[in-house]
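This report describes how a sheet and two helices are arranged in one structure. The sequence and the model are shown first, and the description follows.

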Amino acid sequence: MESPHKPKALSTNLFFLFLLLSTNLITLFLSATFYSSSSCSLSSAAITLIPSSGRDSSSTPPQPLRTTQSIASTDEEEDLPAEFIAFTSGQVLPFGFNTNFDSDKIYPPVGSSCSRFPEELRRFMSYEVNGSCPDDELLAQKLLLKGCEPLPRRRCRPATQNHCVEPYPLPESQWKTPPDSSVVWTAYTCKNYQCLIDRYIKQKGFDDCKDCFDLNGRERSRWSSSKTAPAGSLDFTIDEVLSLRAPGTVRIGLDIGGGVATFAVRMKERNVTVVTTSMNLNGPFNNFIASRGVIPMYVSISQRLPFFDNTMDIVHSMHVLSNWIPTTLLHFLVFDVYRVLRPGGIFWLDHFFCVGDELRDVYGPLIRSVGFRKVKWVVGRKLDRGEELREMYLSALLEKPLDNSW
Ligand SMILES: *[C@@H]1O[C@H](CO)[C@@H](O)[C@H](O)[C@H]1NC(C)=O
Ligand SMILES: *[C@@H]1O[C@H](CO)[C@@H](O)[C@H](O)[C@H]1NC(C)=O
């Protein structure tokens, strides 16, 4: 979802570029620096997901047992926080070898990059066992966005408000601003929902989904017209998309980087269950989504989708998948979308954006390489930051073929 703000200082831009690397909501905040770093061909893509360097204990060969029933640590692990080692070390199965696991041990997973950030990891894993966790959402999110995803589990209770109230009941909850007490505000510039609602008007500068918390604003009308979009429009409507399939056969789906989950709410009104992935970039997006009564999922765009192959009826993503994502990562990501869609499933790529010839030279071929069938493909100019930037939008409906989709 967009926010029509001009680029600011270079350092600020780089900061946001970093944040965006795993964000839920890409916006128009892209500097010239940024464009030069976005690769224009698959073969020249410079950034690749790097596999584990082997520092994490999950790749440590099994060691002799200690009486603690966990696998002995290696010298390399000595620098890592004790709770991190306690979580990730191999744990011996009490009943011995398990044929499902093909092992007699479990190595609980964390992002392979966690140990690359020992200082943040040490802070994140420093807490009183059985006690209260530190109020450290921002630290946790930065660690996650850098590649420590999934984060390690912790043995402490997360920060919460002292006094909480029950949520509003459905269906009222879907379009009502939740109580402020449902959020721990420490990590955000705003300290209450009214501030988030007002920030589009009152606050300068960039924020992801800056106007999204105002449920009486633009959120009201998104995707919801019952008419088909006029030819050439980049804004498809939900009903138009659902009408591609027999009534009731689009039942479950995923919205990648879905802001405040208005897409999921609109789908729920049509009896479709949609899970919304989101980060909490300077706003309590996950709390807000949950308060509305739909399902938030706190995973970044870097992580393998936690769904099985061939299961989803629909995957939607607006303003997130774009040229800010390293091309190799995007290629893996679009294949992952294909993987979780069932044959006959629909990928609604909503307002993908890039510059000039990138669509023809990079992203068109990339999408074609995955195996989707084009159902609808609309390209338009993106003019909100000026014509000279030669920005383009693509909205597309892509189908995973019912037959021979393997
Ligand atoms: C935390 O609780 C577990 C389970 O009761 C106990 O074994 C452990 O000793 C406790 N640890 C601390 C530091 O209190
Ligand atoms: C959704 O399901 C309910 C209960 O089965 C039904 O009454 C309602 O008509 C359905 N709504 C739509 C839009 O299909």
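In this predicted model, seven strands form an open sheet in the order E7-E6-E5-E8-E9-E11-E10, and the pairing within the sheet is mixed. Its edges are strand E7 (295–297) and strand E10 (373–382), each of which pairs on one side only, while the twist from one strand to the next averages 15 degrees.

Within the sheet, strand E9 (residues 341–355) pairs with strand E11 (residues 391–399) in the antiparallel sense, over eight bridges. One position can be followed by eye in this pairing: Phe 352 has Leu 394 of E11 as its bridge partner.

Two helices pack on the sheet, and the table lists the strands touched by each helix together with its direction relative to E9.

| Helix | Strands touched | Angle with the direction of E9 |
|---|---|---|
| H10 | E8 (312–318) and E9 | about 155 degrees |
| H11 | E9, E10 and E11 | about 165 degrees |

The helices also pack against each other: the axes of helix H10 (residues 327–340) and helix H11 (residues 358–370) lie 9 Å apart, at an angle of about 35 degrees, and H10 passes H11 in a right-handed crossing. To this contact H10 contributes Thr 327, Leu 330, His 331, Val 334, Phe 335 and Tyr 338, whereas H11 contributes Val 362, Leu 366, Ile 367 and Val 370. Sorted by class, the residues in the contact of H10 with H11 comprise eight nonpolar and two polar ones, with no charged residues.

Key:
Residues are numbered from 1 along each chain as its sequence is written. Chains are lettered from A and ligands numbered from 1 in the order in which they are written. This is a predicted model: local features need pLDDT of at least 70, side-chain atom pairs count only at pLDDT 80 or more; totals for chains, interfaces and linings use all residues. Axes are lines fitted to C-alpha atoms, for helices over the stretch in contact, and angles run from 0 to 180 degrees between N-to-C directions. Helices (H or I, at least four residues) and strands (E, at least two) are DSSP runs, numbered from the N terminus. A crossing is left-handed if the near helix is turned anticlockwise from the far one by less than a right angle, and right-handed if clockwise. Two residues are in contact if their C-beta atoms, placed from the backbone, lie within 7 Å. Ala, Val, Leu, Ile, Met, Phe, Trp, Tyr, Cys and Pro count as nonpolar, Asp, Glu, Lys and Arg as charged, and the others, Gly among them, as polar. Two strands pair if DSSP finds at least two bridges between them.
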